[in-house]
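Here are some notes to keep beside you while you turn the structure around for the first time. They go point by point, so feel free to stop and look as you read.

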Amino acid sequence: MDFDLMITSFPKLLGATVVTLKLLSASLFFGLLLGLFFAILRLNKNIFINKFAYSYSYIFRGTPLLVQIFIIYFGLGQIEYLRTTFLWVILKEPYWCAIIAFTLNTGAYTSEILRSAFQTIKPGIIEAGKSLGISNKIIFYKIQIPIAIRQSLPAYGNEIILMMKGTSLASTVTLMDLTGVAKYIISTTFKPIEVFIVAGGIYLFMTFIIHNVIKYLEKKYSFQQ
Amino acid sequence: MELLAFGKTGWGDELFYATLMTIAVSITAMLVGFFFALIFTPLKLSKYKTLNLVGNFYTTVIRGVPELLVIYLFFFGGSGAIMYVASIFGYYEYIEINAFITGSMAIGIISGAYSTEVFRGAIQSIDKGQFEAAKVLGINKFGQFYKIILPQILRLAIPNLSNVWQITLKDTSLISVTGLVEIMRQSYIAAGSTRDPLFFYSFAAVLYLLLTYVSMKLINKLEVRYNKGY
């Protein structure tokens, strides 16, 4: 065991954790919006809209995240037309490509989580709202969404942790996130176990925090029976 | 379509063999995972606190750390660890383990953590009366497990194991970083030499979709079979 290496690599890895957290928070934020949008599309009665939303989630859940990042980062740059538009400013940056890929990926999973949460809301609750003369819009925003959020918290917590692990793939498109820096230190020092313990420890710590925050929220928003 | 031709002019046959490699690695990893689950599920369900701790340590660490980091640990640390063990037995030559073994071991350990959780959940949700009834009927321990408990565990575990299989299948794309030529690696090579990454990575996505679709269909059949009695 090389404890000196563990101590010297710790600040470097901690610095890289900031990149990981930035990637995670950006993709979770956009992914939640995208997921909500597609979950609402899934509940639409129109069969085409419904099928469209289903195939989106099916494709992104059925293929590895690595393929998705590679298509966006290496693949899209190949289209000549894209290079001339303003989108190229975003798509030439690996940072934004990673965020786009993560957003699309987590959006697919989130839409499934939210859809199933919406579907488990008892029709009686909506009917009760209707019989009180509350408008459909307010029923949706004030009754259905809060209940759906509560229902989907445990599954969404898992998704956050999966996404946090997913951000490690940003290192494959040259970004120096926690895994990227860890790999760099391993390949220069050939001390994989020490670096793994430190980097893995940081990841585990983040998992621990996320897990407990979700647990706290679950308790806070649980129904008073 | 020319790019996908079989033979020397296209990448069809290379991608076909790469797909077979992905399937082989996934199956090996899944089996390695079952082996780990076989060890760690009893530990997690044990009466002894220390054994519980060991089981929980395994599943928590592996499920909380990115797959890629585990793969790097195996890729860079694998041959070192083997050589260390060999040096104890007096063998000092350089040993290189091949990418297939490293890859399927790394993915197998990850998939094992998920399988352990699935089996633990399935065993815990079986009614205690089932164990007691089997005992009362005078069935021996072996018969109790294989004829009464195991079929029930499988019925409960198969839907979740199919999720584990999907995760494992998708995780195998990550071992392309170690140089094992599976779908992702082959697409990378093809994309590099034809300068057509969009096509090859999209084709890789289609191959993965095909694999998940077909395997889901097969697993659904298994599910129906084990649900016969219900």
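1. Let's begin where the two chains meet. Chain B puts 35 residues in contact with 38 residues of chain A. Keep in mind that this is a predicted model, so everything below is computed from predicted coordinates.

2. How much area do chain B and chain A bury between them? The figure is about 3000 Å², and carbon and sulfur atoms account for 79% of it. On the chain B side, have a look at B:Leu69, B:Phe76 and B:Leu198: this trio supplies 20% of the area that chain B buries against chain A, more than any other three residues. As background, accessible area lost when the parts come together is often how the size of an interface is given.

3. Now chain A as a whole. You'll find 10 helices and 0 strands there, so to speak a plain run of α-α-α-α-α-α-α-α-α-α when read along the sequence. Its C-alpha atoms fill a box of roughly 70 × 50 × 25 Å along the principal axes. Of its 225 residues, 48% count as buried. Take the contacts in chain A between residues at least 6 apart in sequence: 78% of these join residues at least 24 apart.

4. Next, the nonpolar cores. The largest one has 103 residues, and A:Leu13 and A:Phe102 touch the most other members. Leaving aside residues up to four places away in sequence, A:Phe102 touches A:Leu23, A:Ser27, A:Leu65, A:Ile69, A:Met163, A:Gly166, A:Thr167 and A:Ala170. There is also a second, separate core of 9 residues, with A:Ala117, A:Ile121, A:Phe140 and A:Ile147 among them. In soluble globular proteins, nonpolar side chains tend to be buried together.

5. A:Met164 is worth a click. It sits in helix 8 of chain A, which covers residues 136-166. Is A:Met164 buried or exposed? It counts as buried, because its relative accessibility is 0%. Apart from residues up to four places away in sequence, A:Met164 touches A:Leu24, A:Tyr203, A:Met206, A:Thr207 and A:Ile210, plus B:Gly64 from chain B. One of those partners, A:Tyr203, is 39 residues apart from A:Met164 along the chain, with 8.3 Å between their C-alpha atoms.

6. Over in chain B, look for the second largest pocket, which holds about 810 Å³ of space. Its lining has 20 residues, and B:Pro42, B:Leu45, B:Ile123, B:Phe145 and B:Ile153 lie nearest the centre. What kinds of residue make up the lining of this pocket? They divide into 14 nonpolar, 3 polar and 3 charged.

7. Several helices of chain B build that lining. Helix 1 (12-45), helix 4 (99-124), helix 5 (128-136) and helix 6 (141-171) each supply at least two residues. Helix 6 gives the most, with 8 residues.

8. Stay on helix 6 of chain B for one last residue, since B:Ile149 is found there. B:Ile149 counts as buried because its relative accessibility is 4%, and the cut-off for buried is under 20%. Setting aside residues up to four places away in sequence, B:Ile149 touches B:Ile126, B:Gln130, B:Phe131 and B:Gln144. For a sense of distance, the C-alpha atoms of B:Ile149 and B:Ser162 are separated by 20 Å, with the two residues 13 apart along the chain.

Definitions and conventions: Residues are numbered from 1 along each chain as its sequence is written. Chains are lettered from A and ligands numbered from 1 in the order in which they are written. This is a predicted model: local features need pLDDT of at least 70, side-chain atom pairs count only at pLDDT 80 or more; totals for chains, interfaces and linings use all residues. Side-chain values use heavy atoms; hydrogens and water are left out. A nonpolar core is a set of buried Ala, Val, Leu, Ile, Met, Phe, Trp, Tyr and Cys residues joined through side-chain atoms within 4.5 Å. Buried means under 20% relative accessible area, exposed over 50%, partly exposed in between (1.4 Å probe, protein chains only). Contact means heavy atoms within 4.5 Å. On a 1 Å grid over the protein atoms alone, a cavity is a set of points where a 1.4 Å probe fits but cannot get out, and a pocket is an open set with protein on both sides within 12 Å along at least five of seven lines; lining residues have an atom within 4 Å of a point. Grid points are joined across faces, edges and corners, and a volume is the space filled by probe spheres set on the points. Helices (H or I, at least four residues) and strands (E, at least two) are DSSP runs, numbered from the N terminus. Ala, Val, Leu, Ile, Met, Phe, Trp, Tyr, Cys and Pro count as nonpolar, Asp, Glu, Lys and Arg as charged, and the others, Gly among them, as polar. Buried area is the accessible area (1.4 Å probe) that two parts lose on being put together, summed over both.
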